[in-house]
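Please open the model in a viewer and keep the selection panel at hand. The tour below moves from one selection to the next and states what is found at each stop.

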Amino acid sequence: MAERGSRRRFAAMGADVAGLVLVVVLTRSLGAQSGAQTEGWTAPHPMLLTPSRALAMVTAFDRKLTYVPGEVLVRFRSGVTPAGQQQALMSLRSRPAPSDLRWVGDVGVLTDRTELDATILAAQLRGQPEVEFAEPNYLYHPSATPNDPGFTERQWNLAAIDMPRAWDINPGGKDTVIAAIVDTGITAVARTYSFQTWNGKAIQSVSVPFGMNPDFKSARIVGARDFVFWDGPVLDMEGHGTHVASTIGEETNNAMAEAGIAYRVKLMPVKVCLGFWELQFAMSASGFRGFLPAEIGGCPTSEIADGIRYAADRGAKVINLSLGGPQPSDTLRDAIAYATGKGAFVAIAMGNEFEDGNPVDYPAAYAAEMNGVMSVGAVGPSLARSFYSNTGPHLEISAPGGNDREGGARGMIWQSTIARSDSVPTSIVAPRFDRYAESAYEGTSMATPHVAGVAALLISQGVTSPGAVETAIRNSARPLGAPSGIGVRNDDYGYGLVQPRSALLGVGLVR
Amino acid sequence: MHLNRALLRIAPWIVWALAGTAASASAQTNVRVTRDQATIWTADFKDTAAIVPAGTILTVVGRRGEWYEVRMPTAIGGRGWVLKSNVDTNTSKPRAGLATSAPRKLGIVGVGQFGYVRFAAEQSFNAILGASGGGFYGGGAEVRVTNAFVSASIERFEKTGQRILVADGEVFQLGIPDTIRVMPITVSVGWRMPRERATPYVGGGVGRILYREQASFTEASENVHSQYSSYHMLGGVEFRNEWVASAFEVQYTRAPHTIGVGGASAAFQETNLGGLVARIKVLVGR
């Protein structure tokens with residue numbers, strides 16, 4: 001079963017020597033293949049997750065790297081011509097050309113598999129006068145842990161923030177507002193695809209059915225885009241993205257599953273994260289014979305940035321980032337600034353590593369310095385800070401994120417997502433992703449969509465500026481912890497617990 | 001909103017009435033008899049209509065040569081003609097040596113009033129109501145002792161706007177109806193300065209402002225019921241016609257440090273619930 005925290009453990013292998021062997025085996029088995037194709041199988045859509053990319057992700061996991069090996073992000077100084085870019089790129093051993101770059105906004109993504117250490121690539125480029133910044137293509141991770149042990153009490157979280165009375169004021173928002181979930185995706189089709197996978201003895205083709213969440217009306221899913229797996233329909237093979245989206249906007253008052261906060265707004269699935277199944281399918285298609293570690297996966301900076309810009313360009317007014325990592329990234333910060341400049345409010349998870357040293361997580365750390373961006377910490381049913389929720393001077397607001405130390409599964413966040421029993425990596429060979437169930441997750445990933453949902457309601461009500469949305473959420477928060485008071489912040493809870501009703505009610509002349 | 005429309009509809013009539021009152025005051029000039037036992041003649045000048053003492057105030061309704069046609073005192077009734085030389089048009093300054101009638105020692109008038117208020121907390125009211133003020137109505141009473149007066153009144157202003165969010169000085173309306181009611185209760189003292197055609201006056205006083213605010217979706221405990229102290233200065237001019245008079249009055253009220261702790265008034269740092277009032281009064285009595 002998945003472990004808590006953003007850093008995945010390669011439990012099956014463990015030692016570095018064994019890991020090196022794995023990498024060698026993988027490299028040799030893949031050879032120089034460039035297409036996701038084994039004998040008798042052709043990808044139904046052009047693959048974004050190429051074999052070399054998949055191998056890089058596996059290598060990153062194996063070596064516990066925080067970046068995608070061989071990938072670096074570079075921004076050239078203003079006014080640098082292509083000739084100048086070439087001059088800078090000549091500093092690398094592989095001597096790439098500017099045409100080898102893939103552009104995410106004004107940031108070029110360079111893939112150089114001859115040098116897997118992206119920190120070296122970045123350092124070499126940073127030394128060039130034409131370069132404004134260069135950084136490895138860091139990997140971020142969704143900030144949640146699933147657990148669905150069975151039927152128990154549910155959605156204490158919505159009662160804790162007085163959602164029923166908030167819905168009296170604004171029942172679900174408006175369908176003119178789009179909330180983007182930049183995550184593992186929300187399945188946007190009902191279709192069966194054939195993939196290659198390892199069955200323990202051989203690579204075989206499996207038919208993998210996908211279905212849309214019945215608690216999302218299909219008309220509400222707009223602009224779905226996959227940036228990381230393939231150039232085809234968005235498929236959630238992990239469940240995190242769907243769970244997050246359910247908190248924001250699961251259908252409500254339909255006698256089905258759970259309730260979502262802004263249940264009338266449109267949802268934009270933006271897939272930027274890879275999990276076990278995407279990588280297993282890609283590796284098996286390339287001829288890799290074996291199972292990948294169950295906890296493998298990540299969300300590359302380049303795809304996150306691309307996804308954020310895409311969402312902003314397509315009219316999303318709320319962007320949910322339930323992901324994070326320990327590495328700062330100018331690319332990510334600039335993408336978020338781009339989004340707020342386009343009028344989008346951005347909610348970001350604080351991170352779940354409080355008991356692992358409480359590191360500063362990014363991009364949450366950027367929130368405090370950016371208007372219209374809020375970092376979100378988690379509380380449990382008692383409204384005390386969840387044990388895992390990171391703290392710090394950059395924490396701005398708290399919301400229910402679940403805490404299984406307060407009543408087990410009852411203390412977690414229940415929403416509708418793909419049934420995990422259909423795709424457990426350690427026990428399933430041929431997964432299915434067409435059945436949905438109410439599942440309990442906990443994490444700052446779950447807290448963040450509460451704030452995103454409230455933001456969507458505020459925007460529906462006419463608060464059109466992301467900075468104003470932040471002001472409304474901040475000024476209406478219920479103070480928690482110490483020091484506390486209206487407008488007073490502390491490192492454990494930020495400005496306090498989000499209060500949707502108070503935010504939507506606004507103020508009169510004197511109160 | 002309804003009150004404003006009502007005010008707009010009747011405003012022309014008000015102006016006409018004021019003008020009429022003022023006009024009749026000039027057309028129907030009052031004169032004071034300066035000759036004791038002056039004779040007022042009938043229209044054909046053949047009979048004596050009345051003999052009146054010096055100081056009697058007569059209302060001129062016409063003129064012919066050396067004669068004024070006057071309306072005689074109520075007790076006598078009717079009309080007649082008096083020599084211009086037997087009367088003085090300056091009814092406030094009796095000629096030296098001649099008997100004059102003393103000003104009325106005690107009078108009580110009832111007052112109905114309406115007008116427009118512009119609140120000092122302009123930005124706050126404008127953000128909520130879409131305007132910095134609006135129309136109001138009210139009434140009261142006034143006791144006059146010679147030229148001094150004491151008055152008490154109560155007025156009502158009520159308007160519905162929207163709850164808002166204020167962020168960096170920008171106002172976002174949230175579509176939630178919010179009703180504000182302001183009811184000043186005031187006591188004023190002042191001094192009247194009767195003139196031939198009109199009576200200017202000035203005064204000042206204190207008051208209590210009853211403030212009510214409630215919105216849709218709020219609970220009783222979230223609504224506002226407050227009272228604030230205030231003080232004011234006022235000035236106006238009255239035009240009298242027998243038992244009925246009209247007046248135009250301007251009042252400046254201050255209620256400092258009454259608002260500005262929360263809500264829009266805190267966002268705009270406005271703490272004064274007073275403002276500037278222009279009102280029209282209709283007074284009945286003497």
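What is the mean pLDDT of chain B, and what percentage of its residues reach 70 or more? The mean is 87, and 86% of the residues of chain B reach 70 or more; pLDDT is the predictor's confidence in each residue, from 0 to 100.

This is a predicted model, in which local features need pLDDT of at least 70 and side-chain atom pairs count only at pLDDT 80 or more, while totals for chains, interfaces and linings use all residues. Residues are numbered from 1 along each chain as its sequence is written, chains are lettered from A and ligands numbered from 1 in the order in which they are written, and side-chain values use heavy atoms, with hydrogens and water left out.

**Confidence**

Colour both chains by pLDDT. Chain A has a mean of 89, and 89% of its residues reach 70 or more. Select residues 1-37 of chain A: pLDDT stays under 50 here, and the model has 65 contacts (heavy atoms within 4.5 Å) for this stretch beyond four places in sequence. Residues 146-153 of chain A are also below 50, with 19 contacts in the model beyond near neighbours in sequence. In chain B, select residues 20-26, where pLDDT stays under 50 and the model has nine contacts beyond four places in sequence. Then select residues 95-102 of chain B, where pLDDT again stays under 50 and 13 such contacts are present. The model scores ipTM 0.82 and pTM 0.81.

**The contact between the chains**

Next, select the residues of each chain that touch the other: 22 residues come from chain A and 30 residues from chain B. The size of an interface is often given as the accessible area lost when the parts come together. Here the buried area (accessible area, 1.4 Å probe, that two parts lose on being put together, summed over both) is about 2,000 Å², with carbon and sulfur atoms giving 59%. On the chain A side, highlight Leu509(A), Val510(A) and Arg511(A), which lose the most area to chain B, together 36% of what that side buries.

Show the polar atoms across the boundary. There are 15 residue pairs in polar contact between chain A and chain B, both residues at pLDDT 80 or more. A polar contact is a pair of N or O atoms within 3.5 Å; within protein, one must be able to donate a hydrogen and the other to accept it, and residues adjacent in sequence count only if both atoms are side-chain atoms.

Which elements of chain A each supply at least two residues of the side that touches chain B? They are helix H6 (163-169), helix H12 (466-475) and helix H13 (500-505); helices (H or I, at least four residues) and strands (E, at least two) are DSSP runs, numbered from the N terminus. H13(A) provides the largest share, four residues.

Now select Thr471(A), which lies in helix H12 of chain A. Beyond its neighbours within four places in sequence, Thr471(A) contacts Val166(B) and Ala167(B). Thr471(A) is buried, because its relative accessible area is 8%; buried means under 20%, exposed over 50% and partly exposed in between (1.4 Å probe, protein chains only).

**Salt bridges**

Side chains of opposite charge can pair when their charged atoms come close. A salt bridge is a side-chain nitrogen of Lys or Arg within 4 Å of a carboxyl oxygen of Asp or Glu. The structure holds 36 over all chains, and two are between chain A and chain B. One to display is Arg165(A) with Glu219(B), whose closest N and O atoms are 2.6 Å apart.

Within chain A, select Asp306(A) and Arg102(A), which meet in a salt bridge (3.2 Å, N to O). The two are 204 residues apart, Asp306(A) in helix H9 (residues 301-313) and Arg102(A) in strand S2. Asp306(A) is buried at 16% relative accessible area, whereas Arg102(A) is partly exposed at 34%. Extend the selection to Arg53(A), Glu71(A), Arg113(A) and Glu303(A), which are linked with Arg102(A) and Asp306(A) in a network of salt bridges.

**A buried strand residue**

Finally, centre on Leu73(A) in strand S1 (residues 67-76) of chain A. Leu73(A) counts as buried because its relative accessibility is 0%. Its contacts beyond four places in sequence include Val107(A), Phe133(A) and Thr331(A).
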